[in-house]
Amino acid sequence: MTIQENADLTARAAHVRLMIFDVDGILTDGGLLYGADGEQLKRFNALDGHGIKQLQQSGVATAIISARQSAIVSRRASDLGIAHVQQGVHDKYAAFAKLLAQLQLSADVCGFIGDDVIDLPILSQVGFAVSVPNGHPDVRSRVHYVTQAGGGHGAAREICDLIMHAQNTYAATLASYLHTTVRAIPSGAA
């Protein structure tokens with residue numbers, strides 16, 4: 001069942017004003033790569049990143065709450081314009097409550113996508129709880145929606161697109177890429 005086929009899910013996505021992303025297993029595939037010098041490497045999906053930017057342009061704020069601390073995540077968040085980043089957070093619910101207070105939002109207008117049991121305290125409170133097919137079974141069984149795409153392989157983009165469709169903003173974000181007309185070059189012209 002797609003989100004468009006379920007009125008409850010569409011309504012939940014339509015109310016999202018803040019979409020919060022976990023990192024490992026959501027914005028990445030969950031694998032942790034270490035270089036010979038001990039540096040940590042992460043692989044992000046470009047389609048996910050562009051979806052996050054489009055979601056922001058549509059008027060939905062974005063945030064990251066992650067248990068791991070990583071300069072790479074700070075860099076990625078900066079590249080994407082994600083202003084609200086909390087890393088090294090072992091009590092994700094406390095970080096979530098702090099973010100709600102800072103932005104003066106209620107949990108019911110927030111979405112969160114996570115994949116492991118550490119994410120359950122937030123997932124159980126938000127208005128739109130999402131996981132990924134490769135997420136922990138105890139998480140997948142407690143969310144409103146499980147993406148078709150896996151973490152690090154388009155799951156974030158899928159959710160961004162679904163929210164924009166539910167809020168009727170997707171067509172406008174797409175139109176900004178279709179506004180130019182390409183003129184044909186006459187044959188024989190150099």
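**Close-up 1. Burial of C110 in the predicted model.** C110 has a relative accessibility of 0% and therefore counts as buried, in a structure that is a predicted model. The cysteine sulfur closest to that of C110 belongs to C160 and lies 15 Å away, which is too far for a bond.

**Close-up 2. C160 and the absence of disulfides.** C160 is likewise assigned to the buried class, because its relative accessibility is 0%. Seen from C160, the closest cysteine sulfur is that of C110, and the separation of 15 Å is too far for a bond. Since a disulfide requires a pair of cysteine sulfur atoms within 2.5 Å, the count for this model comes to zero disulfides.

**Close-up 3. Packing of helix α2 against helix α7.** Helix α2, formed by residues 46-57, and helix α7, formed by residues 155-166, have axes that come within 7 Å and cross at roughly 25 degrees. With angles under 35 degrees counted as roughly parallel, α2 is therefore roughly parallel to α7. The crossing in which α2 passes α7 is left-handed.

**Close-up 4. Residues in the contact between α2 and α7.** On the α2 side, the contact is made by L47, D48, H50, G51, I52, Q54 and L55, while α7 contributes A155, A156, R157, C160, I163 and M164. C160, the buried cysteine of the second close-up, is thus among the α7 residues that make this contact. Sorted by class, the contact of α2 with α7 comprises eight nonpolar, three polar and two charged residues.

Definitions and conventions: Residues are numbered from 1 along each chain as its sequence is written. This is a predicted model: local features need pLDDT of at least 70, side-chain atom pairs count only at pLDDT 80 or more; totals for chains, interfaces and linings use all residues. Side-chain values use heavy atoms; hydrogens and water are left out. Buried means under 20% relative accessible area, exposed over 50%, partly exposed in between (1.4 Å probe, protein chains only). Axes are lines fitted to C-alpha atoms, for helices over the stretch in contact, and angles run from 0 to 180 degrees between N-to-C directions. Helices (H or I, at least four residues) and strands (E, at least two) are DSSP runs, numbered from the N terminus. Angles under 35 degrees count as roughly parallel, over 145 as roughly antiparallel, 65 to 115 as roughly perpendicular and the rest as oblique. A crossing is left-handed if the near helix is turned anticlockwise from the far one by less than a right angle, and right-handed if clockwise. Contact means heavy atoms within 4.5 Å. Ala, Val, Leu, Ile, Met, Phe, Trp, Tyr, Cys and Pro count as nonpolar, Asp, Glu, Lys and Arg as charged, and the others, Gly among them, as polar.
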